[in-house]
Amino acid sequence: MEKLILRRVETDSEEMILNFGPQHPSTHGVINFLVETDGEVIRKAIPDVGYLHRSIEKIGETVGYPGFMPFTDRVDYVAAMFANEGYAIAVEKLLKLEIPPRAQWLRAISCELCRIASHLISVGTMAMDIGAFTPMLHGVRERETINDLIEALCGARLTYNYHRIGGVAFDLPDGWRDRTLRFLDHFDKFLVEFDRLISFNEVFVQRLAKVAVIPGAMARDYGLSGPNLRASGVDFDVRRDLPYGAYPHLRFEVPVGRGFVGAVGDCFDRYYLRCLEMGQSSRIVRQALETVPEGEYMAKVPRRIKPEAGEAFSRVESARGQMSYYVVSDGTEKAWRVRARTGSFTAMGIVDAVSPGLMVADLVALIASLDVVAPEIDR
Amino acid sequence: MTNASPAPAKSAARHARRVLLLTLAVGLGLPLALFGGVLVLSPISGIAPEGWSEGRVLLLHALAVVVLAVVLVTFGAVISGMTVWWEMRVSSRMQSRVGYNRVGAAGFLQWIADAVKLLLKEDLVPADADQILFRAAPYFVLVGFALTFVALPFGEGLIAADLDVGIFYVLSVTALVVVGILLAGWASNSKWSLFGGMRAAAQVVSYEIPAGLAAMIPVLMAGTLSMQGIIRAQGPWPWQWFALESPFAGLAFVIFFTAQLAEGNRTPFDLPEAESELVAGYLSEYSSFRFAIYFLVEFGNLWVMSAVAVTLFFGGWQVPFAGPDVFAAARGAGAIPSPAWWGLEVLSLAVFVAKTAVVMNLIVWVRWTLPRIRVDQMMSLCWKYLVPFAFASLVGALFWQLLLTSVPAAGVVTGLLATASVLVGGYFFLRLTYRNIAAVGDRVDLSNW
Amino acid sequence: MTTQELHERLRSRFGDDVGALGEPRVDPSCPVRRERIAEVCRFAKEEPGLELDFLEDLTAVDWPKKNAIELVYHLFSFRHRHGLVLKVEVDRAGPKVASVEAVWKAANWFEREVYDLFGVEFEGHPDLRRILLPDDWIGHPLRKDYQEAGSYHGISNVRENPLVELRRLDEKARAAAAPPPAPPAAPPSPAAKP
């Protein structure tokens, strides 16, 4: 891989080739970057992924439809609910299965809580990469409460395996609703404090404003999705525009980047959008908890899941972008092909194009603002 | 972890008390013992007993100086260890964590455990690193740090050497640290370390200028470079401190504080060791004792920075109600000073330590709140903002001195005004903090130490 | 526009190169002739009214029975909120197809992944090399007939089933810990029994 760059580097200049990773505190997971720098300014930063490739898609062809659900957790272990939901929706499409409304509401509640947890990690680690260590720990403290809530719900704190083909695995425990509402009351106040601590801090703003601007056309062309796309000004959200599950019945706003302190589509927009989305998710969970219908939480699913031959494509608005599952069935109990399209994969693809001209410190800010996680890229 | 059965509860309480006593013994006793050693040994280097040949007297002096140096360096190390404790404790509270709480009461002896751990680690020298320079670099840094302790005024008579050029000596000796950092970065033979070393060198050398200029303003106001002289030119009360007496000195304190943060590689200026970018920057390849030296010097520098700032701007060890005549009266006439004098000396030491601790707390607070500034922003901050402002305040201080010769009351008036505004501002700040905490639903709980 | 209308637009432009819309087995798709895929994609992206400017997914499915690898293109339009699925079949023995990287830059990494895991070569791709697997990996894992090479740079990637291995180790431990069998009681002398 180094051969790509070494050819172009003259030996008597100030150019250096650095290996950023794969073990590095600020690349989010095991990702390697080959960075060709001229002093402090980057000429080219080439991402080198694949260190976390676990052939999950190949495993999907061997374990059968219900058995694949825990593997979807590992596709994105920071926001595992979305991966679960995407796969469940795809297989339910294949089975032409209607899931009961209570299950849809529970899915929405668990997913939005997971979105808050994932965004807390995202903005926290972003602040930490910029050098402010305190916001990360405050965010993780809140995330601990969410983890406790989800543990009460489904028994796991990171890889949930909560959604099932046909519904969800467990019902709400007693008192969970009140616990969550109390947490959300506290969380809304925490967001205000968090904003005051770091969001508009002068040094923080100077580090992020107008850095690595990704215009809307470039974002669409490179296939960015989710918060990255919206921060560049493109107003599209799968929950609102191609609604699924309980979202048609829930009212929420979709924040779009508009250059809060700098240019549209810079690192600060991507960061602040996630802060705003956390507030919106809290609103959604509140509404959903208040309107959750009674009834079954799991549809009648045959013991052996054997959909007829066909294919299905599901879209889910994950914390990192649009997660899509493309499941091809050949009529047997084992899937013929399972494909997980994740938001981080395309986000990583844009780093090469945006990085020339940045400084090394800005590269760190760019990677953090794109909110990539290695398991989503490599699967 | 430990089972909590009711029977050993009493012995658990006894154990906790024992730990607390041990902590206090070490925490207060160790520095005092070392300091006592300094006090006893400093006069020996001037004693010339009759009947001894010149050579023997010289030998005695040399021995005393060597022992004194060792004691001073140990004192520096102990101080830096305690600074580590304070920083970690404060940072853990700011981050809603518990912090050190195992080794010693409130984790006070953790730094001893850390030091022992670091000493027992494997000492790696990379095969491709420059063998001599790699090994020598930490010692440059250590020398630069330890030499400053010679001129720090801990109390009215508690200074290892009251040099006539005290502050000049301190500023020049701390510049040795940059040599050590640059050597470390280059000799490690690693691109990451080189990056860190170059950044550090650029940063420290640039910020020497505003620091030196800002330090000249108290010198101007005191009329002497000697540390004790600068302190004696101030008074014990807040409105007599240089920082509050003259608005230009107040500005100079801000510039000096910022520049010292940069020289000590503290966030927001900690690019050379930016954890999230360069892992440990110029320190990446160091392990065991060599790393311990860098670690020690960084935290010890915190103390030295604060001590110098207190000396220059906040009146040093000046005790309220105890002017120089009180000290002279307490000393008595004999060769050995009376206990009252010793008591006053310890009081001045306590005042100095308290003020230094407050400034140190400010540095720690800033570190854990602000993010990191980028290289080019840091350079532009230094050259485009700090240096012009330092020059401007120097010129302003010149004019202020002229004003004072004709209107001596101006100093008192501005001092009182500044003190009043600081007190009022402090009250409002605390009130706002309390309100912010209450708004999130928390409460102020100081019992959790 | 609905999928039918999109399909009609494509058919009216490209005629028979665009096949019939597949039966709506949940998500309908239309096959495209291999040679025209790049033009079809460019038309889909740039034609006003279609403006399918978002390449949601570019992946492949291996059908050994049909002796083909089927490339699947999921397209979507932000402006019109409609989508379409295109499929291209390439020969399994020597899979080659034109790259659509010039149409959507997102295809750059998607096509690299398909090359890495299926072995499909994309002509015109600026930087076609493996992305998830190491550069010197042998084989294309997502093919149905993929065989593991057995080891990679001396690291074995074949191991026996852990349950079998553990059972074998258990038996060995049990055999080593079992007390030596007690000396057998003196067999009744053949003379004792008449």
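I count a salt bridge when a side-chain nitrogen of Lys or Arg lies within 4 Å of a carboxyl oxygen of Asp or Glu. By that rule E311(A) and K87(C) are joined, with N and O 2.5 Å apart. The model I am reading is predicted.

**Entry 1. Which chains touch**

I began with the chain pairs. Two pairs of chains are in contact, and chains A and C share the most contacts. Chain B and chain C have no contact. Their closest C-alpha atoms lie 25 Å apart.

**Entry 2. Chain C against chain A**

I looked up this interface next. Chain C puts in 42 residues and chain A 46. The two bury about 3,800 Å² between them. Carbon and sulfur atoms carry 57% of that area. I then asked how many salt bridges lie between chain C and chain A. The count is nine. The E311(A) and K87(C) pair from the top of the page is a salt bridge between these chains. I also found 20 residue pairs in polar contact across the interface, both residues at pLDDT 80 or more.

Which elements of chain C give two or more residues to the side that touches chain A? They are β2 (54–63), β3 (68–76) and α3. β2(C) gives the most, with ten residues. By class, I noted 24 nonpolar, three polar and 15 charged residues on the side of chain C that touches chain A.

**Entry 3. Helix α3 of chain C**

I checked the helix length. Helix α3(C) runs over residues 107–118, twelve residues. At 1.5 Å a residue it should span 16 Å, and its end C-alpha atoms are 15 Å apart, which agrees.

Is this helix enclosed or open? Eleven of its twelve residues are buried, so α3(C) is largely enclosed by the rest of the structure. Among the buried residues are W109(C), F110(C), E111(C), R112(C), E113(C) and D116(C). Just after the helix, G119(C) takes a positive phi of about 90°.

**Entry 4. R112(C)**

I picked one residue of α3(C), R112(C). R112(C) has 4% relative accessibility, so it counts as buried under the 20% cut-off. Leaving out residues up to four places away in sequence, R112(C) touches H125(C), D127(C), L128(C), R129(C), R130(C) and I131(C). With R129(C) I found a backbone link: its backbone oxygen lies 3.1 Å from a polar atom of the R112(C) side chain. I also took the C-alpha distance from R112(C) to D62(C), which is 16 Å, for 50 residues of sequence separation.

**Entry 5. Chain B against chain A**

Here 26 residues come from chain B and 39 from chain A. The buried area is about 3,000 Å², with 60% from carbon and sulfur atoms. Which residues of chain B lose the most area to chain A? They are F195(B), R374(B) and V440(B), together 21% of what that side buries.

The rule finds one salt bridge across this interface. R374(B) pairs with D362(A), the closest N and O atoms being 2.8 Å apart. Eight residue pairs are in polar contact, both residues at pLDDT 80 or more. Helices α7, α11, α14, α15 and α16 of chain B each supply at least two residues of the side that touches chain A. The largest share, four residues, comes from α7(B). By class, that side of chain B has eleven nonpolar, seven polar and eight charged residues.

**Entry 6. S306(B)**

I looked inside chain B too. S306(B) sits in helix α12 (residues 288–313). Its relative accessibility is 0%, so S306(B) counts as buried. S306(B) touches T356(B), V359(B), M360(B) and I363(B), not counting residues up to four places away in sequence.

**Entry 7. Salt bridges within chain A**

The structure holds 54 salt bridges over all chains. I followed three of them in chain A.

D352(A) pairs with K44(A), N and O 3.2 Å apart. D352(A) lies in helix α14 of chain A and K44(A) in strand β3, so the pair ties together parts 308 residues apart in sequence. D352(A) is partly exposed at 26%, and K44(A) is partly exposed at 28%.

R240(A) pairs with D235(A), with closest N and O atoms 2.9 Å apart. R240(A) is partly exposed at 34%, as is D235(A) at 36%.

R239(A) and D237(A) meet in a salt bridge at 2.9 Å, N to O. Are these two buried or exposed? R239(A) is buried at 4%, and D237(A) is buried at 0%. Shared partners join E112(A), R115(A), R230(A), D237(A), R239(A), E277(A) and E317(A) into one network of salt bridges.

Terms used
Residues numbered from 1 in each chain as written. Chains lettered and ligands numbered in written order. Predicted model: local features only at pLDDT ≥ 70, side-chain atom pairs only at ≥ 80, totals over all residues. Heavy atoms only, no water. Expected span 1.5 Å × (residues − 1). Buried < 20%, exposed > 50% of the residue type's maximum accessible area, 1.4 Å probe, protein only. Contact = heavy atoms within 4.5 Å. Buried area = accessible area lost by both parts, 1.4 Å probe. Polar contact = N/O pair within 3.5 Å; in protein donor to acceptor, adjacent residues only side chain to side chain. Nonpolar A, V, L, I, M, F, W, Y, C, P; charged D, E, K, R; others polar.
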